[in-house]
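Q: Hey, can you walk me through this structure? I'm new to this, so please explain the terms as we go.

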Amino acid sequence: MTDYSIYNDEELCVQALSDPHAEEFLLVKYKELVRSEAKNLYLSWGEWDDLLQEGMIGLLQAIRGYRSEEKAGFAAFARLCIRGKMLNAVTAANRKKHIAMEDYVSLDSPVFQNEDGSALYGVGRYDNPENQVIDRESAGVMEQRILEVLSAFEQKVFRESLHGLNYREIAEKLGKTPKSIDNTLQRIRKKTQGLNL
């Protein structure tokens with residue numbers, strides 16, 4: 001069995017792309033971060049466990065979506081993903097205060113059953129179009145709050161990073177050096193850490 005404790009988080013994220021045990025190691029390692037982020041939030045439609053589940057989904061998305069070339073540490077990236085996922089859940093819950101938990105779709109039950117017996121499985125009510133729109137609106141509000149604290153150049157860099165470009169690609173697109181873009185991304189991270197997203 002591999003000793004995953006000898007690897008740093010960024011290396012584990014790369015391994016997790018092909019090794020579910022590395023992914024599981026990170027999930028266990030960062031579970032306390034999920035708990036600490038959940039302590040400050042209130043979920044009107046659910047209980048503590050529901051909020052923790054949202055946070056764990058955010059952590060899983062962070063593990064699967066982290067790219068080491070971005071030069072940001074995994075811990076900071078994971079915190080943003082966890083907090084964002086929980087806040088999306090709280091925002092959506094506050095808009096849907098009167099919808100009971102029974103409206104959720106079990107992960108184990110098929111959403112669509114084909115004639116040949118194959119099935120498409122759902123991952124909860126947040127997959128429906130209405131909730132996707134709500135999530136997009138919440139993301140838009142967060143993005144706007146971030147843009148308000150950034151300079152014009154930082155806004156350009158931020159938007160390009162949202163499109164999935166790494167700092168070298170952004171540098172090439174904006175005609176700057178990679179170091180300049182890396183420094184700008186660091187400033188953006190510092191400015192956004194203080195925001196209550």
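A: Sure, starting with a term: accessible areas come from the Shrake-Rupley method with a 1.4 Å probe, and for residues only the protein chains shown count as cover. The accessible surface of this chain comes to about 12100 Å², and 52% of that belongs to carbon and sulfur atoms.

Q: Anything I should know about where the model comes from?

A: This is a predicted model, where local features need pLDDT of at least 70 and side-chain atom pairs count only at pLDDT 80 or more, while totals for chains, interfaces and linings use all residues. Residues are numbered from 1 along each chain as its sequence is written, and side-chain values use heavy atoms, with hydrogens and water left out.

Q: Cool. How many helices and strands does the chain have?

A: The chain has nine helices and two strands. Helices here are DSSP runs of H or I with at least four residues, strands are E runs of at least two, and both are numbered from the N terminus. Going along the sequence, the pattern reads α-α-α-α-α-β-β-α-α-α-α.

Q: And what share of the residues is buried?

A: Buried residues are 35% of the 197 in the chain. Buried means under 20% relative accessible area, exposed means over 50%, and partly exposed is in between (1.4 Å probe, protein chains only).

Q: Which residues touch the most other members of the largest nonpolar core?

A: Those are Leu26, Leu59, Ile63 and Phe74, in a core of 22 residues. A nonpolar core is a set of buried Ala, Val, Leu, Ile, Met, Phe, Trp, Tyr and Cys residues joined through side-chain atoms within 4.5 Å. The elements that give this largest core two or more residues are α1, α2, α3 (31-38), α4 (48-65) and α5 (74-95). Apart from it lies another core, of 11 residues, with Ile146, Val157, Ile170 and Ala171 among them.

Q: What does Leu26 touch, leaving aside neighbours within four places in sequence?

A: Leu26 is in contact with Asp9, Leu12, Cys13, Leu59, Ile63 and Phe74. Contact means heavy atoms within 4.5 Å.

Q: Ile63 came up too. Is Ile63 buried or exposed?

A: Ile63 counts as buried, because its relative accessibility is 1%. Ile63 lies in helix α4. Not counting residues up to four places away in sequence, Ile63 touches Cys13, Ala16, Glu23, Leu26, Leu27 and Phe74. The C-alpha atoms of Ile63 and Leu12 are 8.7 Å apart, with their positions 51 residues apart along the chain.

Q: What about Gln61, which helix is that in?

A: Gln61 is in α4. At 43% relative accessibility, Gln61 counts as partly exposed. From Gln61 to Ala78, which is 17 residues apart from it along the chain, the C-alpha separation is 8.5 Å.

Q: And Arg83?

A: Arg83 sits in helix α5 and counts as partly exposed, at 23% relative accessibility. Arg83 and Glu37 are 46 residues apart in sequence, and 6.5 Å apart from C-alpha to C-alpha.

Q: New topic: at what angle do α1 and α2 pack?

A: Helix α1 (residues 9-16) and helix α2 (residues 20-29) pack at about 135 degrees, and their axes are 8 Å apart. Axes are lines fitted to C-alpha atoms, for helices over the stretch in contact, and angles run from 0 to 180 degrees between N-to-C directions. So α1 and α2 are oblique to each other. Under 35 degrees counts as roughly parallel, over 145 as roughly antiparallel, 65 to 115 as roughly perpendicular and the rest as oblique.

Q: Which residues make that contact?

A: Asp9, Leu12, Cys13, Gln15 and Ala16 do it from α1, and Ala22, Glu23, Phe25, Leu26 and Lys29 from α2.

Q: Now the other pair. How far apart are the axes of α7 and α9?

A: The axes of α7 (residues 152-162) and α9 (residues 178-193) are 10 Å apart, and the angle is about 95 degrees. That makes α7 roughly perpendicular to α9.

Q: Is Ile181 buried or exposed?

A: Ile181 is buried, with a relative accessible area of 0%, and is found in helix α9. Leaving aside neighbours within four places in sequence, Ile181 is in contact with Phe153, Val157, Tyr167, Ile170, Ala171, Leu174 and Lys176.
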